[in-house]
Amino acid sequence: MEKKEILSKFQAEGGVSSIEPYGSGHINHTYLAEMESGKKYILQGINTTIFKDTDQLMENIIGVTSYLREEIIRNGGDPKRETLTVVMTRDDKPYFTDDAGEKWRVYEFIEDAETFDAVESREDFYQSAVAFGKFQAMLANYPADTLHETIPQFHDTAKRYRDFEKAVEADVKGRAAEVAPEIAFVRERAKETSMLHEMLAKGELPLRVTHNDTKLNNIMLDPKTHQAVCVIDLDTVMPGLSAHDFGDAIRFGANTAAEDEPDVSKVSLDLELFEIYVKGFLEGCGGRLTQKEVEVLPMGAKMMTLECGMRFLADYLEGDVYFKISREKHNLDRCRTQFALVADMEKKWDQMCALCK
Ligand code: ADP
Ligand code: GN1
Ligand code: MG
């Protein structure tokens with residue numbers, strides 16, 4: 001079905017002038033729709049291989065954005081800019097199923113704000129940290145039991161490790177021999193993968209409503225004022241650990257190289273950015289984090305980086321079926337940057353811990 005026809009099923013105003021692929025997300029199929037009036041929308045093909053229950057996915061997003069809208073209004077903010085607005089279909093549904101069975105949703109386009117694939121200014125990174133911290137703080141009283149687990153055990157790193165071992169064992173593409181050093185790298189750290197969840201199980205860490213995908217291009221920043229405008233990509237908002245939200249942002253933003261940099265000698269942890277993010281995140285959380293939660297922030301960073309590397313490697317072994325790739329061995333490059341970053345974190349471990357004290 002033509003994208004224009006799909007968009008016409010939604011309560012979008014006016015005639016369409018163009019619809020083009022947009023953004024650099026790895027999961028959904030995102031398009032920018034420009035209308036003849038100049039108004040813009042985001043049209044997204046939902047990745048239903050990954051998000052299996054679209055009703056539950058959209059129920060979460062509507063629930064969270066409605067709640068945030070109220071909070072933003074109470075704080076004197078602009079809910080049209082500061083949270084996502086789902087545009088309903090003409091028959092008031094949150095998504096549309098086309099004749100091929102693909103599911104589509106539409107968001108209002110957030111104007112005068114940009115997403116970044118790399119940190120361009122320290123101030124921007126600080127503001128992104130404040131905003132992700134605030135996001136968690138604003139959802140502190142959200143009824144967590146009403147949230148569906150859109151991807152079960154999303155950041156259960158020990159489960160990710162077991163899945164990784166299954167991918168190695170199956171070796172469906174015959175690629176395991178080529179990545180023996182990477183497999184060994186994971187195995188040497190297997191024990192650590194269960195640490196944070198064990199602390200959660202013992203009640204040493206609280207379960208919170210978290211974003212779970214806090215990379216820099218999931219937040220929109222105002223390029224003029226350098227203020228964070230809106231946290232986006234709400235597909236994985238679920239109960240989780242604060243250290244994971246912190247950690248995933250460090251994994252992506254405090255790396256001196258891009259996530260898919262083929263030259264791993266460029267990879268390292270920028271300790272200054274790490275420190276900036278600690279400050280911003282704690283400020284955004286508004287003093288809500290417990291002492292233990294602050295203590296485990298470095299572990300959150302290391303585990304999110306190791307986990308993401310394992311996921312990229314497992315996907316490489318499985319034939320690149322999960323993350324979008326744009327070149328051969330793209331997932332292997334991504335995996336190698338993650339492991340190089342883990343190794344650098346291990347070297348800088350004492351400094352990371354000291355900065356969180
Ligand atoms: P994915 O799950 O594939 O990462 P995202 O929801 O993050 O998809 O969207 C991909 C990109 O599209 C974002 O990084 C951002 O640049 C852009 N984008 C998404 N939603 C909006 C919006 N409401 N307004 C403006 N840009 C958006
Ligand atoms: C995916 O959707 P996107 O591109 O923002 C992935 C994250 C990974 C990230 C790695 C639902 O995020 O978990 O950390 O790629 N999202 C999902 O860049 O799996
Ligand atoms: Mg995204």
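Ala, Val, Leu, Ile, Met, Phe, Trp, Tyr, Cys and Pro are here counted as nonpolar, Asp, Glu, Lys and Arg as charged, and the others, Gly among them, as polar. On this division, the shell around ligand 2 in the predicted model is made up of eight nonpolar, four polar and seven charged residues. The shell around ligand 1, classified in the same way, holds nine nonpolar, eight polar and two charged residues.

Ligand 2 is surrounded by 19 residues, of which His26, Lys215, Glu259, Arg311 and Tyr322 are the closest. Several side chains place polar atoms beside oxygen atoms of this ligand: for Glu259 the separation between a polar side-chain atom and a ligand oxygen is 2.6 Å, for Asn218 an N or O atom of the side chain is 2.9 Å from an oxygen atom of ligand 2, and for Arg251 the corresponding distance from a side-chain N or O atom is 3.4 Å. On its own, ligand 2 has 440 Å² of accessible area, and 98% of this is covered by the protein. Ligand 2 is located in the largest pocket, and the elements that contribute two or more residues to its shell are helix 8, spanning 242-253, and helix 11, spanning 297-317. The largest contribution to the shell around ligand 2 is that of helix 11, which supplies three residues.

Ligand 1 likewise has 19 residues around it, and those that come nearest are Asn28, Gln44, Thr115, Asn217 and Asp233. Both backbone and side-chain atoms lie beside oxygen atoms of this ligand. In the case of Asn217, a backbone N or O atom is found 2.8 Å from an oxygen atom of ligand 1, whereas in Asp233 an N or O atom of the side chain lies 2.9 Å from such an oxygen, and in Asn218 a polar side-chain atom is 3.0 Å from an oxygen atom of ligand 1. Of the 550 Å² that ligand 1 exposes when taken alone, the protein buries 97%. Ligand 1, too, sits in the largest pocket, and its shell receives at least two residues from each of strand 3 (40-45) and strand 6 (103-108).

The two sites can also be considered together. The largest pocket holds both ligand 1 and ligand 2, and the side chain of Asn218 has a polar atom 3.0 Å from an oxygen atom of ligand 1 and an N or O atom 2.9 Å from an oxygen atom of ligand 2.

Notes:
Residues are numbered from 1 along each chain as its sequence is written. Chains are lettered from A and ligands numbered from 1 in the order in which they are written. This is a predicted model: local features need pLDDT of at least 70, side-chain atom pairs count only at pLDDT 80 or more; totals for chains, interfaces and linings use all residues. Side-chain values use heavy atoms; hydrogens and water are left out. A residue is near a molecule or strand if one of its heavy atoms lies within 4 Å of it. A polar contact is a pair of N or O atoms within 3.5 Å; within protein, one must be able to donate a hydrogen and the other to accept it, and residues adjacent in sequence count only if both atoms are side-chain atoms. Accessible areas come from the Shrake-Rupley method with a 1.4 Å probe; for residues, only the protein chains shown count as cover. On a 1 Å grid over the protein atoms alone, a cavity is a set of points where a 1.4 Å probe fits but cannot get out, and a pocket is an open set with protein on both sides within 12 Å along at least five of seven lines; lining residues have an atom within 4 Å of a point. A molecule sits in a cavity or pocket if more than half of its atoms lie within 2 Å of its grid points. Helices (H or I, at least four residues) and strands (E, at least two) are DSSP runs, numbered from the N terminus.
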